[in-house]
Amino acid sequence: MTKSFYITTPIYYPSGKLHIGSAYTTIACDVLARYKRMMNYDTFYLTGLDEHGQKIQSKAEEVGITPQAYVDDMAVGVKELWKLLDISYDKFIRTTDDYHEEVVAQVFERLLEKGDIYLGEYQGWYSVSDEEFFTESQLAEVYRDDEGNVIGGVAPSGHEVELVSEESYFFKLSKYADQLVAFYKANPDFISPNIRMNEMLKNFIEPGLEDLAVSRTTFTWGVQVPSNPKHVVYVWIDALLNYATALGYGQSDSANFDKFWLANTVTKSWTDDSGKTWDFTVNPEVNHMVGKDILRFHSIYWPIILMALELPLPNRLVAHGWFVMQDGKMSKSKGNVVYPEMLVERFGLDSLRYYLMRSLPVGSDGTFTPEDYVGRINYELANDLGNLLNRTVAMINKYFGGQIPDYKENVTDFDADLSDFVAENLKLYHQNMDAVDYPRALEAVWNIISRTNKYIDETAPWVLAKEDGDKEQLAAVMAHLAASLRVVAHLIQPFMMETSNAIMEQLGLGTDFDLEHLELSGLPSGVQVVAKGTPIFPRLEMEEEINYIKDQMNAGKPAAEKEWNPEDIELKSEKDEIKFETFDAVEIRVAEVKEVEKVEGSDKLLRFRLDAGDGEDRQILSGIAKFYPNEQELVGKKLQIVANLKPRKMMKKYVSQGMILSAEHDGKLTVLTVDGSVPNGSVIG
């Protein structure tokens, strides 16, 4: 029987730029997909966008374009981000895809004909931002008039609600309430962590499931109900069905749906107190991952939709917590949002992937701080892993001319203990990967790293290498070090692909990976390592990098909240003014472009070599690549640069010595040039 595995992210709502919260979910699913492929599963990884709804229609109207044009543009940006994060998805679905809309309309009519959907009248409090209705008791805050009548309020998310009264179709959730509880009992590990299942039971199911409004008439951007076109299908039936339609459900080509949803199912049963036995068809390898804020829709609405359609149910729903800031939940309005592009550009992709997967406890929120981010890079990546690789490569080159000796067991007194320790932590790694407990899985890897560093101290290879030393033991030590690093490289491959490949390449082992059969003794013999290893994680200047992240976060705050220096800047009611001394401190010079090239590993950056008339060429990195696809047209032009900015490190290996000035209007950017007759280095003022 073929082993299959299906993993999905939620489909993201394209109402704004995605921050590290969305990046976390997408990377977490990517890690699991890569792990399963390395365990030789036939894996399908789905992500995408939820593109219908009133909020999208309103945002499109604000900027004067059609909703389709709005979501088309947003989809390009999201795909570019997933490319930057090296997300290995197999399909990117958009709910505006024709095939999806057709199936949604068919399903709606089928449930209507079946009697699971009926026409009624809805009145309740609606949040446009959340695309969700709330009862008065569910509101976090209510507004009342002088007579005590409720006239408005705030949803649990913090968004304001409005009273909506309109004709609506309803889905009979109440009809399936007992069946849903029975499913929870038959499959107690359905929701992970299991504390979340208790929340669903106590907060939503036990008080009584209310039928769900599943259509709207107050906007038009959505799938029309075929039999009553003034209604559009409300977001959750439309959005949730993506997990099935992306595989081909309801379409002529349903091969993927047959393989990943219908095949390899099992029956799970539960007998209630009355003696009634409930049987459920479940696919053990269908897995969804969502943030805890949308758990209700995926743990209640989605299983019930599948029950109504008589389809197999998913096996597992992972609901993770949030990355929060020290001042609370990450929020654009607070100006404390951290975007993944900035972290990748400054510190590299693997640092971000490692940090996000290592730092969010299972089932809980995690706190992002610049100090923790830089600290983990320095102490865990540079000190622990980086130093182990550097020492190993250097010693194999020094003592054995770059040739890894043959692996032999039990040559030194410490070999057996290292082997047993690695085997034990391999088991822990696989257990925690299956549980989607990434912090503990990575902890098992770092246990191996720490134990291998200790093995160096125990065996003292520098002593064994002396003239009167034991060359056989020295050879065994080098082989065990290489073997341990090979294991580490395999284990971190789903998390940090570049680092994993770099370790294998420095050891001369190629980049073939197979986690299913991994063991310490699987080291090939007689392999040539590189003559000189390159540090994979150079140490960072803590204070400088911490301040850099803080500056970037501060740059995203609303103007009134930015950390201005009150001695330099006076905030006026109409326009911010600065003192002349502040402006005079900025040195703007003319600089001629000598060379320019795209920066490898970045879609945004161009690297300039400029002559600013000060005797030495200077290097500046500028994020304008998309505005100059033919960057060579800039060679020879004379630009305006800020010449006295403090140099900053970018992409771990470049230093940028200034800023190129540009003008931006209507989404177009142009660098500021001067007449070619103006000498290089001329001061602009």
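**Exercise 1. Determine which residue just after α18 takes a positive phi, and establish whether α18 is mostly covered or mostly open.**

Step 1. G508, just after α18, has a positive phi of about 70°. Helices here are DSSP runs (H or I, at least four residues) and strands are E runs of at least two, numbered from the N terminus. The model is predicted, so local features need pLDDT of at least 70 and side-chain atom pairs pLDDT 80 or more, whereas totals for chains, interfaces and linings use all residues. Residues are numbered from 1 along each chain as its sequence is written, and side-chain values use heavy atoms, with hydrogens and water left out.

Step 2. Helix α18 spans residues 497-506, and seven of its ten residues are buried (under 20% relative accessible area; exposed is over 50%, partly exposed in between; 1.4 Å probe, protein chains only). The helix is thus mostly covered.

Step 3. The buried residues are M497, T499, S500, A502, I503, M504 and Q506. Their cover includes α1, α12 (349-359), α13 (370-400) and α17 (471-492), where contact means heavy atoms within 4.5 Å.

**Exercise 2. Describe the lining of the largest cavity by residue, element and class.**

Step 1. A cavity is a set of points on a 1 Å grid over the protein atoms alone where a 1.4 Å probe fits but cannot get out; lining residues have an atom within 4 Å of a point. Points are joined across faces, edges and corners, and a volume is the space filled by probe spheres set on them.

Step 2. The largest cavity has a volume of about 140 Å³. It is lined by 17 residues, of which Y24, V318, H320, V362 and V436 are the closest to its centre.

Step 3. At least two lining residues come from each of α1 (20-38), β15 (313-320) and α15 (438-459); β15 gives the largest share, three residues.

Step 4. By class, 14 are nonpolar, three polar and none charged. Nonpolar covers Ala, Val, Leu, Ile, Met, Phe, Trp, Tyr, Cys and Pro; charged covers Asp, Glu, Lys and Arg; the others, Gly among them, are polar.

**Exercise 3. Characterise the aromatic pair of W236 and F297.**

Step 1. The structure holds 29 aromatic pairs (ring centres of Phe, Tyr and Trp, its six-membered ring, within 6.5 Å; planes under 30 degrees apart are stacked, over 60 edge-to-face, the rest tilted). W236 and F297 are stacked, 3.8 Å centre to centre with 10° between the planes.

Step 2. W236 lies in α7 (residues 235-240) and F297 in α10 (residues 295-308), 61 residues apart.

Step 3. W236 counts as buried at 12% relative accessibility, and F297 is buried at 4%.

Terms used: On a 1 Å grid over the protein atoms alone, a cavity is a set of points where a 1.4 Å probe fits but cannot get out, and a pocket is an open set with protein on both sides within 12 Å along at least five of seven lines; lining residues have an atom within 4 Å of a point.
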